[in-house]
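Please look at the model below with its side chains displayed. The text that follows goes through contacts, cores and aromatic rings in turn.

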Amino acid sequence: MTSMVVLGLSIATVLLLLGAFLATLRQDRKDRTATEMPVEVAPVEPPLPAPVAAAGHAGTDYTDPRTLRVGDKIDVLGSPVRVVGALYVSWQGQQWVEYRLRDSARRIQWLTVEMRQGRAPDQPPHLEVLLWTDVPTQGMIPARSSLIMDDVEFHPLERGTAAFRSEGSTSMPDRGLLDFADYRATDGRLLSFQRVQGQPWTASYAQPLPPGSIGIISRASS
């Protein structure tokens, strides 16, 4: 009888210890799960872009090309040239100046300076500066429709007959009428035909110049 009691107490003790162990194991798993839960991390904000400088102003931040005069020595895109002549052109209320440039190798280029109205009513006027480089026309005349030059298709932009007066060395009369026809390609390239009435057509490609591309080396003596 005594042995039976002892055996029963032993079994009860083992069951109590086993229950306590299982309870401790479940609590340990619960604590570990709570500890290992992922912590929410705030997304990293991308850095702000660098500030962009405001556009400069002609005449204060860089040379105003409208102040060029025949005889000035200037820097155009890093190359020194002399302004040897100028054409003052007027057409349908628009006015612009075409400066004839000559470098040390006596190569000739033309520089057009014009204040353009914005394309939309809410757009302010802007200064347009174009550097022209002659291209061979091989007897071509400007078509009223599209034309192809150097395998590039150009579409009509503007054409007309403007009045001009010349100053300095321009190889043109003191006054006269200038026929022109301007074209633009789909990639933005510009092509222009010009002729003094009674003379053959010439053609040029245009390169728009950004602000600050022109600098004064020396001014013409008054």
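Contact here means heavy atoms within 4.5 Å. The model is a predicted one. With that cut-off, and leaving aside neighbours within four places in sequence, valine 83 is in contact with Arg69, Val70, Gly71, Asp72, Ile74, Tyr99, Arg100 and Leu101. Valine 83 belongs to strand 2 and is buried, its relative accessible area being 1%. Valine 70, one of the residues it touches, is 13 residues away in sequence, and the C-alpha atoms of the two valines are 5.1 Å apart.

Tyrosine 99, another contact of valine 83, has a list of its own. Again without neighbours within four places in sequence, tyrosine 99 is in contact with Pro65, Arg66, Leu68, Val83, Gly85, Ala86, Gln109, Trp110, Leu111 and Val113.

Tyr99 also appears in the largest nonpolar core, which has 15 residues. Within this core Ile74, Val76, Tyr99, Leu101, Leu111, Leu209 and Ile214 touch the most other members. At least two residues of the core come from each of strand 1 (73-76), strand 2, strand 3 (94-102), strand 4 (108-116) and strand 5 (126-135). A separate core has 14 residues, including Trp110, Leu130, Ala162 and Leu190.

The aromatic rings come next. How many aromatic pairs are there? With ring centres required to lie within 6.5 Å, the count is five. In one of them, tryptophan 91 and phenylalanine 180, the ring centres are 5.1 Å apart and the planes stand at 90°, so the pair is edge-to-face. Tryptophan 91 is part of strand 2 (residues 79-91) and phenylalanine 180 part of strand 8 (residues 175-185), so the pair ties together parts 89 residues apart in sequence. Are these two rings buried or exposed? Tryptophan 91 has 10% relative accessibility and counts as buried; phenylalanine 180, at a relative accessible area of 5%, is buried too. Ring pairs also link Trp91, Trp96 and Phe180 into a cluster.

Phenylalanine 154 and tyrosine 205 form a stacked pair, with 6.1 Å from centre to centre and 25° between the planes. Phenylalanine 154 lies in strand 7 (residues 152-168) and tyrosine 205 in strand 10 (residues 202-208), and the pair links these distant parts of the chain, 51 residues apart. Phenylalanine 154 counts as buried at 1% relative accessibility, whereas tyrosine 205 is partly exposed, with a relative accessible area of 21%; the limit for buried is under 20%.

One ring has a charged partner: arginine 165 lies over the face of tyrosine 88, 4.3 Å from the ring centre.

Key: Residues are numbered from 1 along each chain as its sequence is written. This is a predicted model: local features need pLDDT of at least 70, side-chain atom pairs count only at pLDDT 80 or more; totals for chains, interfaces and linings use all residues. Side-chain values use heavy atoms; hydrogens and water are left out. Rings of Phe, Tyr and Trp (its six-membered ring) pair if their centres lie within 6.5 Å; planes under 30 degrees apart count as stacked, over 60 as edge-to-face and the rest as tilted. Helices (H or I, at least four residues) and strands (E, at least two) are DSSP runs, numbered from the N terminus. Buried means under 20% relative accessible area, exposed over 50%, partly exposed in between (1.4 Å probe, protein chains only). A charge sits over a ring if NZ of Lys or CZ of Arg is within 6 Å of the ring centre and within 35 degrees of the ring normal. A nonpolar core is a set of buried Ala, Val, Leu, Ile, Met, Phe, Trp, Tyr and Cys residues joined through side-chain atoms within 4.5 Å.
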